[in-house]
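Hi everyone, thanks for making time for this. I'd like to walk you through one structure, going from place to place, and you can follow along on the screen.

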Amino acid sequence: MRERWVVSAASVVALVASGALAAQEPDFSKVEIKSSQLAPNLYLLTGAGGNIAAATGAEGVLLVDDQFAPLADKIRAALKSAGAEQPVRFIVNTHYHFDHTDGNLPWQQAGAVVIAQENLRTRLASGGVIGNGGAIAHEVKPVAAGALPILTYEQEITVHLNGEDARIHHYAHAHTDGDSVVFFPRAAAVHMGDIYVRYGFPFIDTNGGGSVQGMLAACEDVIKSVPEDTKVIPGHGEVASISDLREYAKMLADTSALVAKAVKAGKTLKQMQDEKLLGAWSARYSPAKAFVDTDAFTQSLYNSYVKAAAR
Ligand SMILES: [Zn+2]
C-alpha cells in the first residue's frame, strides 16, 4: 500500500512537471476535501483530481470517481461530515486516468465494488502512455490487481440504490475509449467525467482511444437526454448547467469542423498551427499556462480525424 502511494505521488509530480492532466496539488497531506450538496441525496466532493459525485442514503453510498489513494480516509471523513455514515458500496470510474481512479485499491480493499466500462479495465491493467499523440504524453504503469474494477459492463448498467436509478452509460471513443457518463434522474444531475471539463480546451486522450467526434457525440446525446434544469458535473471545474454544456459542445463542433475541413484539404498539422486556425477560441479556452493550449488542442483534433480515418 505504501509503495503504491509513493508511485502515485511520483506520477502526480511528473504530471505537474510536464504540465499535464490538469495540474493538481501533489502534497496530499495538504489537500482538503470539500463537499457541497447538489440534491437531497447527492453531493459533489472536490480535493485533488477529478470531481467526485457521492449518491448517499440508508442503503449505502455510490461514488463516481475516487481521486487518489492517499485521500481515501479524507474522502470518508468528508462523507461522514456531510451525514453519509453508510459504507461506500459502489464506485464508478468515469475513465482510466489516475486522477479519477487511483483510489480504487483502498476502496476495494475496504469492500466497495468498482464498476467500469470494460475497455477501462483493460487499460488500467496494461498501462501505457496517456496523450494526444504529440505534445501531451504521460506514461502510466499497470495498476495493482486489487485496483482493477470488479464489475465491468459493455454499453450500459444501472445501479438501483436508495431509490435512485443511477444509469451508467458508455460513450465510445470520447475522452478515452472506456468512458462512462452517470445519470442521476431523481437528483436531476449527470456526471460527465472528462468528456466535459471547465479548465479550457479539453484534453482528448487520442492514445487511449479518445476522439473529438466521440466527445461531441456524447455531449449532444446528454443534452438531448436530460431535462433542461439538470446539474452537469464536469470532470474538473465547477458544476455547470445544460446551457454551459451546450456552449462547450458548440465549441467542439465548430473547432473540429474547421480542422476536419483542413485535413480534407491536405493541410499539415503544422500549417494549421502556424495559420492559427483555432485562434478565435484561444482567449476563451486557452488561458495562460493552459494544460491544453491552442496548438495542443489543434493537434488533438487533427489526430482525432487521422485516427478515425484509420479505424
Ligand atoms: Zn481524464
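Let's start with charge pairs: there are 12 salt bridges in this structure, and please keep in mind that we are looking at a predicted model. As a reminder, side chains of opposite charge can pair when their charged atoms come close. I've picked three of these pairs.

The first pair is D73 with R76, whose side chains form a salt bridge with 2.9 Å from N to O. How far apart do D73 and R76 sit in helix α2? They are 3 residues apart in that helix, which covers residues 72-81, so about one helical turn separates them. D73 has 56% relative accessibility and therefore counts as exposed. R76, at 34%, counts as partly exposed.

The second pair stays within a helix too. K270 and D274 make a salt bridge, and their closest N and O atoms are 2.7 Å apart. Both residues belong to helix α8 (residues 269-274), and because they are 4 residues apart there, about one helical turn lies between them. Are they buried or exposed? K270 is exposed, and D274 is exposed as well.

The third pair is built in another way. R123 forms a salt bridge with D177, with 2.8 Å between the closest N and O atoms. R123 is in helix α5 (residues 118-126), while D177 is in the loop between β11 (164-171) and β12 (179-184), so this pair ties together parts that are 54 residues apart in sequence. D177 counts as buried because its relative accessibility is 13%, and the limit for buried is under 20%. R123 has a relative accessible area of 24%, so it is partly exposed.

Now please turn to the metal. Which residues coordinate the zinc ion? The donors are H95 through NE2, H97 through ND1, H175 through NE2 and D194 through OD, at 2.2 to 2.3 Å. For those of you who think about metal parameters, the angles among the 4 donor atoms run from 85 to 172°, and the site is irregular. Why irregular? Four donors count as tetrahedral only if all angles lie between 85 and 135 degrees, and the angles here reach 172°, so tetrahedral is ruled out. Along the chain, the donor residues follow the spacing H-x1-H-x77-H-x18-D. H97, in the loop between β5 (88-92) and α3 (98-101), and H175, in the loop between β11 and β12, are 78 residues apart and link distant parts of the chain. Both H97 and H175 are buried.

Next, a few words about the helices. Helix α6 runs over residues 212-225, which makes 14 residues. From its first C-alpha to its last, α6 reaches 20 Å, close to the 20 Å expected at 1.5 Å a residue. Its buried residues are V212, G214, M215, L216, A218, C219, V222 and I223. What covers them? The cover includes β11, β12, β13 (189-191), α7 and α10 (294-310).

That brings us to α7, residues 242-264, where we find T255. T255 has a relative accessible area of 0%, so it is buried. Beyond its neighbours within four places in sequence, T255 is in contact with L278, W281, F297 and L301. Take F297 as one of these: T255 and F297 are 42 residues apart in sequence, and their C-alpha atoms are 9.4 Å apart in space.

Let me finish with some loop residues. N51 is in the loop between β2 (42-46) and β3 (52-55), and with a relative accessible area of 5% it is buried. A polar atom of the N51 side chain lies 2.8 Å from the backbone oxygen of P234. Leaving out residues up to four places away in sequence, N51 touches several others, among them L44, V64, H191, I233 and G237.

And which residues have a positive phi without being glycine? N162 is one of them, with phi of about 60°, and K289 is another, with phi near 55°. N162 is in the loop between β10 (156-161) and β11, and at 12% relative accessibility it counts as buried. K289 is in the loop between α9 (282-285) and α10, and at 85% relative accessibility it counts as exposed.

That's my tour; I'm happy to take your questions.

Methods: Residues numbered from 1 in each chain as written. Predicted model: local features only at pLDDT ≥ 70, side-chain atom pairs only at ≥ 80, totals over all residues. Heavy atoms only, no water. Salt bridge = Lys/Arg side-chain N within 4 Å of Asp/Glu carboxyl O. Helix = DSSP H or I, 4+ residues; strand = E, 2+ residues; numbered from the N terminus. Buried < 20%, exposed > 50% of the residue type's maximum accessible area, 1.4 Å probe, protein only. Donors = N, O, S within 2.8 Å, 3.2 Å for Na, K, Ca; no water. Tetrahedral: all angles 85-135°; square planar, octahedral: opposite > 155°, others 65-115°. Contact = heavy atoms within 4.5 Å. Expected span 1.5 Å × (residues − 1). Polar contact = N/O pair within 3.5 Å; in protein donor to acceptor, adjacent residues only side chain to side chain.
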